[in-house]
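Q: I should like to learn how local features are read from a model with a bound ligand. Could we work through them one at a time?

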Amino acid sequence: MEKKATEGLTTRLLHADRRGGVEHGATHKPLHPSSAFGYDTARELVSVFKGERSGHVYARQGNPTNGALETKLTLLEDGVGTVSFATGMAAIASLMLALLKRDDHIVASRFLFGNTASLLNTLEGLGCGLTLVDATDAADVERAITPRTRLVFVETIANPGTQVADLEAIGRLCSERGLLYVVDNTMTTPYLFRPKTVGAGLVVNSLTKSIGGHGNALGGAVTDTGVFDWSRFANIAEPYKKGEPRGWGLLQIRKRGLRDIGATLAADAAHRIATGAETLALRMDRACDNALRLATWLAAQPGVKRVNHPGLETHPQHANAKRWFKAGGALMSFELDDARDCLAFLDALAVVIKSSHLGDNRTLAIPVAHTIFWEMGAQRRQAMGIADSLIRVSVGIEDHEDLRADFERALQATSVAA
Ligand SMILES: *Cc1c(COP(=O)(O)O)cnc(C)c1O
């Protein structure tokens with residue numbers, strides 16, 4: 001059955017497998033654990049290898065279960081194709097290693113997921129140039145561009161500070177300069193925001209987070225939005241210039257990223273992620289609502305110095321966030337007054353889990369300076385505006401009253417007067 005363009009996201013997601021044709025009238029595509037795929041004739045095998053006909057050869061480069069998930073991600077991002085990976089980091093590392101060469105220059109946001117920042121340092125060690133910029137201002141991005149710049153990498157909403165990148169203006173800039181614009185959409189997910197609308201050529205999603213949502217599978221993906229003209233990209237190797245230029249980039253990412261690096265998503269994880277993704281819209285609505293209500297309430301409490309959430313009017317990029325995103329996201333962070341002990345605050349929480357994960361159905365909190373930003377030292381933390389008392393909260397879908405009561409209890413328990 002043809003998919004109707006007028007149908008909503010959730011309807012299309014729920015019926016994508018069935019409409020692709022599933023045996024026995026099953027509502028899900030089956031889980032394919034096969035490592036290898038065989039063909040009746042040598043000629044068929046040869047033509048699949050040459051890319052003359054579609055098919056699978058060896059599961060390191062993909063399997064039908066991952067393919068079904070990739071179809072859904074392409075649908076979610078309104079793109080032209082997707083390659084899935086074992087984790088979000090595998091997706092980012094593979095796209096960088098597949099597309100960059102020594103002496104190429106990367107412009108990236110200074111407010112990046114810590115492991116991505118660390119990966120960029122590794123690439124610098126391999127001979128790439130790197131300039132970190134304040135991505136909330138496209139002018140800063142523009143100043144960093146050199147004749148060797150190959151790509152610009154930003155996140156939509158940064159973690160833990162919730163800074164919102166100057167997404168639209170950076171997109172215009174990249175389009176004017178013919179630069180590949182890569183947006184990590186993990187924090188917003190394609191339900192809140194589609195980077196294609198601001199000119200992103202590639203979109204990265206960690207599927208481990210809100211898209212899978214249940215904290216029971218790791219995964220990542222790179223989606224090509226079809227916006228970027230790959231014939232203008234200097235690093236596409238001859239074997240990958242097959243057919244229309246719109247397919248070149250993703251083909252090179254699949255070949256060099258999956259085939260050569262091997263950071264392949266397991267089929268059973270792909271199946272769990274695809275099942276989780278069916279309720280993306282419902283979960284995000286609830287989690288974002290919980291987050292904004294909690295952030296608003298916390299900002300009014302004595303003992304709380306500062307609250308970061310793009311949905312708050314006090315947020316520096318609130319107007320842009322409101323314009324671009326369906327909601328302000330499920331992530332917030334806040335600082336307690338100096339006299340309060342943030343570890344004791346966390347210990348007083350009974351519902352919220354002390355954990356470094358995010359984008360889970362369960363609400364998770366972590367003392368940022370003491371954990372994920374510990375390795376970088378006090379000086380860099382200060383430069384990044386990470387206070388010692390900063391607590392990051394990935395808000396889940398619990399009943400709101402229970403979350404409020406939990407935070408109220410923790411504030412009382414750490415009350416300085418008490
Ligand atoms: C978690 C995260 C990643 C990495 O994803 P994994 O699946 O944990 O490897 C990348 N970018 C952002 C913004 C993230 O939050």
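The dialogue below takes up the ligand site, two helices and several individual residues.

A: We may begin with the status of the coordinates: this is a predicted model.

Q: Which residues are the closest to the ligand, and how many surround the ligand in total?

A: One begins with the shell, which takes in each residue with a heavy atom within 4 Å of the molecule. Here the ligand is surrounded by 14 residues, with G88, D184, S206, T208 and K209 the closest. Sorted by class, the shell comprises 5 nonpolar, 6 polar and 3 charged residues.

Q: Which atoms of M89, D184 and T208 lie at short distances from atoms of the ligand?

A: The general approach is to look for pairs of N or O atoms within 3.5 Å. For D184, a polar atom of the side chain is 2.7 Å from a ligand nitrogen. M89 takes part through its backbone, with an N or O atom 2.8 Å from a ligand oxygen. In T208, an N or O atom of the side chain lies 2.6 Å from an oxygen of the ligand. The ligand has 380 Å² of accessible area on its own, and the protein covers 92% of that area.

Q: Which elements give two or more residues to the shell?

A: They are helix 4 (88–99) and helix 9 (207–211). Helix 4 gives the most, with 3 residues.

Q: How is the length of helix 4 checked, and what is found at its N-terminal end?

A: One compares the span expected at 1.5 Å a residue with the distance between the end C-alpha atoms. The 12 residues of helix 4 should span 16 Å, and the end C-alpha atoms are 17 Å apart, which agrees. At the N-terminal end, T87 acts as a cap, with a side-chain oxygen 3.3 Å from the backbone nitrogen of M89.

Q: Why is helix 4 described as largely enclosed by the rest of the structure?

A: The reasoning rests on burial, which means under 20% relative accessible area. Of the 12 residues in helix 4, 10 are buried, so the helix is largely enclosed by the rest of the structure. Among them are G88, I92, L95, M96 and L99.

Q: What do the same readings give for helix 3?

A: Helix 3 (residues 64–77) has 14 residues and reaches 20 Å from its first C-alpha to its last, close to the 20 Å expected. Since 11 of the 14 residues are buried, helix 3 is largely enclosed by the rest of the structure. The buried residues include A68, L69, L73 and L76, and also E70, K72 and E77. At the start of the helix, a side-chain oxygen of N63 comes to within 2.8 Å of the backbone nitrogen of T65. After the helix comes D78, with a positive phi near 55°.

Q: Where is E7 found, and is this residue buried or exposed?

A: Location is read first, then accessibility. E7 lies in the segment before helix 1 (9–19). With a relative accessibility of 17%, E7 counts as buried. Its side chain makes a polar contact of 2.8 Å with the side chain of R19. Leaving aside neighbours within four places in sequence, E7 is in contact with R12 and R19.

Q: What does the side chain of H318 reach?

A: The side chain of H318 reaches the backbone oxygen of P310 at 2.9 Å. H318 belongs to helix 13 (residues 318–324) and is buried, with a relative accessible area of 14%. Beyond four places in sequence, H318 touches P310, G311, L312 and E313.

Q: Which backbone angles deserve attention in the loops?

A: Omega identifies cis peptides, and the sign of phi is read residue by residue. A cis peptide bond joins N159 and P160, with omega about 5°. P160 is in the loop between strand 4 (149–155) and helix 7 (167–177), and T162 is also found in the loop between strand 4 and helix 7. Phi of T162 is positive, near 60°, in a residue other than glycine; T162 counts as buried at 0% relative accessibility. D103 has a positive phi near 75° and lies in the loop between helix 4 and strand 2 (105–109). D103 is partly exposed, with a relative accessible area of 44%.

Key: Residues are numbered from 1 along each chain as its sequence is written. This is a predicted model: local features need pLDDT of at least 70, side-chain atom pairs count only at pLDDT 80 or more; totals for chains, interfaces and linings use all residues. Side-chain values use heavy atoms; hydrogens and water are left out. A polar contact is a pair of N or O atoms within 3.5 Å; within protein, one must be able to donate a hydrogen and the other to accept it, and residues adjacent in sequence count only if both atoms are side-chain atoms. Accessible areas come from the Shrake-Rupley method with a 1.4 Å probe; for residues, only the protein chains shown count as cover. Helices (H or I, at least four residues) and strands (E, at least two) are DSSP runs, numbered from the N terminus. Ala, Val, Leu, Ile, Met, Phe, Trp, Tyr, Cys and Pro count as nonpolar, Asp, Glu, Lys and Arg as charged, and the others, Gly among them, as polar. Buried means under 20% relative accessible area, exposed over 50%, partly exposed in between (1.4 Å probe, protein chains only). Contact means heavy atoms within 4.5 Å. The expected span of a helix is 1.5 Å times one less than its number of residues.
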